[in-house]
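Reader: Please take me closely through one part of this model, stating the cut-off behind each term, and then connect that part to the description of the metal site.

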Amino acid sequence: MYEKGQFGITKGPLLLRVYQNRVALMWETETERACRLYYGRDQKLESYIESTGERVQYKTKKEGVGTIKKTAFIHKVWLEDLEAGQIYNYSIAGPQTRSKVYEFRTVRANTNEARFVVYGDSRTYPENHRKLVELIKNLNVDFVVHKGDLVSRGDSYEQWGPQFFEPLKGLAETMPIYIAKGNHEGNNGNYEKLLIPQGQKNSFGFDYGPVHYFCADNVSRGLRTETQLKLITADAEASKAQWKFAGYHVPSLNFGGHRSAWGHPDALPSLAKAGIDFVLSGHSHQYERFRPIAPPPGTHGSYVTYITTGGGGAPLHDVTPSLYHASAKEVHHFCLFDIKGNKLTMDTIDIDGKIIDHLEIVKTDGRLNKQYLSTAVPMEEIQHHQDLH
Ligand SMILES: [Fe+2]
Ligand SMILES: [Fe+2]
């Protein structure tokens, strides 16, 4: 029933957050009673934290039986007082439960490098998602960012296993998957129960070496666009990181698929004013990188690069390349960022492992290289285009 050396754990383990000194993890069992997560360095699992889990009840279909009621227990823990830049091992044990021994590495204290993957919209076709995960596993990245739409219908609890947790096996136990919630995650609390660690909210930021990354929720019912946009810009303004990233599910600039313009007309000028370098979104199932958008004349904002990376496995949407695009393709893919100090490289890799887009930029004294800036689109022009369509 369970793979060898991994019994009783029905979802995860999955790393929710990894910082220099603390880590958040989750897993699910179907057995009530506490589990212990044992952890330590050098394969010595000397410490443990106990978890009783939060009970969830849901309905699911069983072949030959019909609809049945099921109970599961979601465990979420924080491991505290860790040391920066160290490898830790961990294993989960409980009644009728034992996991393999996994490892993770805490964020290094003094590094000017970061290597990470960004992708989104992996719902509905887990076999596509799995192919991408197999490629990502071999890239030796520090973390993964997901732009949301993890499952077809997040309010149906039984979809989370096959569509999200299963395809991520072999990756999510060892590195954090930072998620911006998608509209398909739903509003009945399943997403938050499974994937938001205690003490945190759906919108959150984190640092890794020269990178600050903010993941924002712009889809949950009842949220105000103005408030969420302020949250994103305030976060960026407060960060001194060399490279500032922001990400949320529904794009502010998007010319294929849903043609979204979240936050229009305030988003583009505010994100530039906040000094953000990259804004990555999903929602439209395609790849789309815009030419950098120049801040309004006479202002000191940044040149922002907008990317729609919604090709994580869901059915593809069409996109027609335009003069505002640096690249636009209807393809399953992910974006691999490699940052070494002031130098940023990005390769976009398709589901067959082929590089389909490549970007190299350098930032000196806070300003991107002239050659890249010479390709910029005036903000007014692209906003006019958004108004027309
Ligand atoms: Fe989507
Ligand atoms: Fe979506």
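Strand pairing and the iron site

Author: Strand β3 (residues 35-40) and strand β4 (residues 47-51) run antiparallel to each other and pair over five bridges, where pairing requires that DSSP finds at least two bridges between two strands. The model is predicted, so local features need pLDDT of at least 70 and side-chain atom pairs count only at pLDDT 80 or more, whereas totals for chains, interfaces and linings use all residues. Residues are numbered from 1 along each chain as written, chains are lettered from A and ligands numbered from 1 in written order, and side-chain values use heavy atoms, leaving out hydrogens and water.

Strands are DSSP runs of E with at least two residues, and helices are runs of H or I with at least four, both numbered from the N terminus. R36 stands opposite E50 in β4, and β3 and β4 form a hairpin with six residues between them, in whose turn D42 has a positive phi of about 55°. β3 also pairs in the antiparallel sense with strand β7 (residues 87-94), over five bridges, and there Y39 has Y90 as its bridge partner.

Turning to the metal, the iron ion (ligand 1) has as protein donors D121 (OD), D149 (OD) and H285 (NE2), at 2.1 to 2.2 Å; donors are N, O and S atoms within 2.8 Å of the metal (3.2 Å for Na, K and Ca), and sites may look incomplete because water is not among the atoms. Along the chain these donors follow the spacing D-x27-D-x135-H. D149 bridges this ion and the iron ion (ligand 2), the two lying 3.3 Å apart. D121, in the loop between β10 (113-119) and α1 (126-137), and D149, in the loop between β11 (143-146) and α2 (160-165), link distant parts of the chain, 28 residues apart. Both D121 and D149 are buried, that is, under 20% relative accessible area with a 1.4 Å probe and protein chains only, exposed being over 50% and partly exposed in between.
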